[in-house]
Amino acid sequence: MRSETMMTTKKISLTINGKACSGEPGQTILKIARANDIYIPTLCYLEGLTAWGGCRMCIVEIEGSAKVVPSCATPAMDGSKIITNSPRLQDLRKATLELLFSERNHICPMCPYNKGDCGLQHQGYAHGITNIRYQYLYPALPVDLTAKYFGLDHSRCILCTRCVRTCDEIEGVHTLDVANRGIKNQIIVDMLKKFGESETCTLCGACVANCPTGAFFDKATAFRGPLASCRQVLTTCTECPVGCGLKVFIKEDRIVNVWGDPDSPVNRGHLCVKGRYETWAEPRERITQPMLRDKDGKLQPTTWDKALAAVRKAGKEAKKTEKAMLIAPRVTNETAQVIMALAGKIDRVGMYVAANEAALCNEPSFSADALRNLEDADAIIVIGAQPSRDNPVLGARIRIMVRKHGAKLLIFNSRKSDLDQYADVCAYAVSLEHQFWDRVAATLEGAKRPAIVYGPNAMTPIGVTVMEHLIQIFERNAGGQKPALIGLPVSSNGLALAGAGIEAIEDVGPWLDTRPLKFLHIVASDTPDGGAGIFDEKYVPALLEEIPCVVVQASYRSALTEKATVVLPTTIWCEKSGTITNLEGRQLSLRPVLPVSGEAREDAAILESVFA
Amino acid sequence: MNKMTRNKTTKKSTRPPVAKAAAKAGAPAKVRVATMWLSGCSGCHMSFLDLDERLVDLFKLIDVLFSPIVDTKVKDMPQVDVGIVEGCVNNTDQEHELKMMRDRCKILIAIGDCAINGNIPALRNQFPLKDCLARAYEQAESNRISCIPNDPVVPGLCPKARPLQEVVKVDFSIPGCPPDADMIWYALTELLAGRTPQWNEKNLRYD
């Protein structure tokens, strides 16, 4: 209560264009204007990034001052009178725009983001610019197309540095920066490298999403018209257990682009390469028709009726004890219910998970508020997990906490990761020496809100040793809270599926070999590798050879589908409906974005007709 | 609308639709217009033809005396009120023509992005002239004989492709690639009515 009264007394009041407005002390003029529905044009400003004040579009007049000031970077003062639009401001803004237009090759007809998504173009229209008073410079500038999914055309760049700030403040890698001076000023990657050579770029694509012009463009989106003309559907990413919200742009039943959903409490608009690009911009061979092995042993396209008849026949020939089902840990919760209802008809159901992940999944515990706890932490301990590889959005958040908010970072993992460079303590092998643990304790001393992110490899004896030592340290560290535990599996929906009663198995070989099988149904669903991952395991290819009927239910062709007796096509993430549960225990909805491709059917519907 | 009143006056006049005759009869003189096509794709002229039936209304107010899209019998460009130019200045001949146009018209309108900022023809400005010529005449895959034209009759390529305003004074600009017929209609009718076109988000397009 006390703080609230203090806040109210501290409020400042000012007039903007004659309208009485109020705000918190320290708030910028732009923030207060926006909160009061007063429009001020901007180009380099972006909510959530540090103000830059570089583009000078947001200039305003303050009564009693001869200067104009950038409203995005100027704190409002109590009692000041602000004017956001006047002939003088209009002239200055026009001149700024004309200089921007003259400086580089802003040729709209041949811009990949033409027709309406460009901030510069929009401001040109808004200020009625039909021609400019300066000489065009036509500089020869390079285009960097070496990044896998996007390009950077310096000709379109207005040096607003939104990409630089995004890269530094949201993804936290600071790949992008600005080099050279004056007219030679330009955005650079690492130390004057190309994207393809960059060691730090994570391909998260946030720079593309936040670029106000066509300087950064997605290759798969280029020249496909304005995103504003696309239908937008919100759905959930199923590539990892973080469960980021996706905003999918669709035109003529094709995905034009995927952005993070800014209103998602999970990712707040940020995405990683998996969600933003691998979901749709990656060419994969989709299975759109059921396939059945003919007399010569070749897979041939067939009808659903024939494929299902063959599957049911094989199913009837096998005894209950000779039937098993293996599922990918990414199917929806609704599919899991169907699977559990069918479980009585077969000997065993299992989901194949990553190495050491079974223990994490089989004792499912969701880490409620994991992402908030992480953002609150002053010390982050990562054990046996590689968030920057497996869950890059979470990895980015860890990076930001360490780089921007001074959180301590301790990593205990046998594999190297790009988070290691930011770590205060980084141990690839765990030492039992006192000196080492004294160092860990010294690093954690004074930590008030620690968070422990533990992945599959924390379930190994070494991981448990680390955990025990840490618990001892935290018991001695009296001032701080108990560490927030964040269990981080690799599987997208493994925790919820295990919770529904499906056993997680990491050694598929021995599991298949428990009792001889005559009928194996593999639900690979829309796993990007088509379920071929289980082939990596020893003995599995040989064991599959011995099973007379292997039904593979998958979306993409792979080494696994090539071995199958029958292949049944399933829907992919953008055609599915249902829910998945993320690592925090949030139920997140999948919404069908596109019509189903070919004859593919939903996982649950296929399972019901196979085991009917 | 002002346009309507003007239409009425021309409708009332039974004189032949020649500006001079009309002027003699006391009816308002038609605005004399010439158009020119420099380094461009003719898209802006096509867009002008896209005015469709509005052309009939427009021709009640203007006479197009000289243009690549009218069957002119005059060899030399006459004095006009308004000159409309598409395309940028790429060679010495175009520079000469544009300067002639500027001399013989009262108001010069640059139409289309090429005339305004160089657009596609100006892409070559990023490379030295020598390289451009070599790429087109010596290295082009379709060329059987590699030879840069050097006949004095052929106009020389300027070192840079230039928008009109870098060569002459331009009075109005109608951007767009091409500007759509509505933009051209709006700009011309406003100018004919004696007003300056007011451009904003709703009626302006660069692409």
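Me: In this predicted model, how many bridges join strand E12 of chain A to E13(A)?
Reply: Strand E12 covers residues 245-251 of chain A. E12 and E13(A) run antiparallel. A:Lys247 stands opposite A:Trp259 in E13(A). The bridges that join E12 to E13(A) number six.

Me: Which strands of the open sheet E11-E12-E13 in chain A stand at the edges?
Reply: The sheet has three strands, with antiparallel pairing. E11 (231-236) and E13 (254-260) each have a single partner strand, so one side of each is left without a neighbour in the sheet. The edge strands are E11 and E13 of chain A.

Me: By how many degrees are neighbouring strands of this sheet turned against each other on average?
Reply: The strand order is E11-E12-E13 in chain A. Direction is ignored for this angle. The average is 30 degrees.

Me: Which element gives the most to the side of chain B that touches chain A?
Reply: 26 residues of chain B are in contact with 17 residues of chain A. Helix H6 (113-117) and strand E7 (172-174) of chain B each give two or more residues to that side. With three residues, the element that gives the most is H6(B).

Me: How many nonpolar residues does the side of domain 1 of chain A that touches domain 2 of chain A have?
Reply: The domain assignment gives domain 1 as 2-85 and domain 2 as 111-128 + 136-278. Their C-alpha centres lie 28 Å apart. The contact takes ten residues from domain 1 and 14 residues from domain 2. On the domain 1 side, two are polar, none is charged, and the nonpolar residues number eight.

How values were computed: Residues are numbered from 1 along each chain as its sequence is written. Chains are lettered from A and ligands numbered from 1 in the order in which they are written. This is a predicted model: local features need pLDDT of at least 70, side-chain atom pairs count only at pLDDT 80 or more; totals for chains, interfaces and linings use all residues. Two strands pair if DSSP finds at least two bridges between them. Helices (H or I, at least four residues) and strands (E, at least two) are DSSP runs, numbered from the N terminus. Axes are lines fitted to C-alpha atoms, for helices over the stretch in contact, and angles run from 0 to 180 degrees between N-to-C directions. Two residues are in contact if their C-beta atoms, placed from the backbone, lie within 7 Å. Domain bounds come from an automatic or database domain assignment. Ala, Val, Leu, Ile, Met, Phe, Trp, Tyr, Cys and Pro count as nonpolar, Asp, Glu, Lys and Arg as charged, and the others, Gly among them, as polar.
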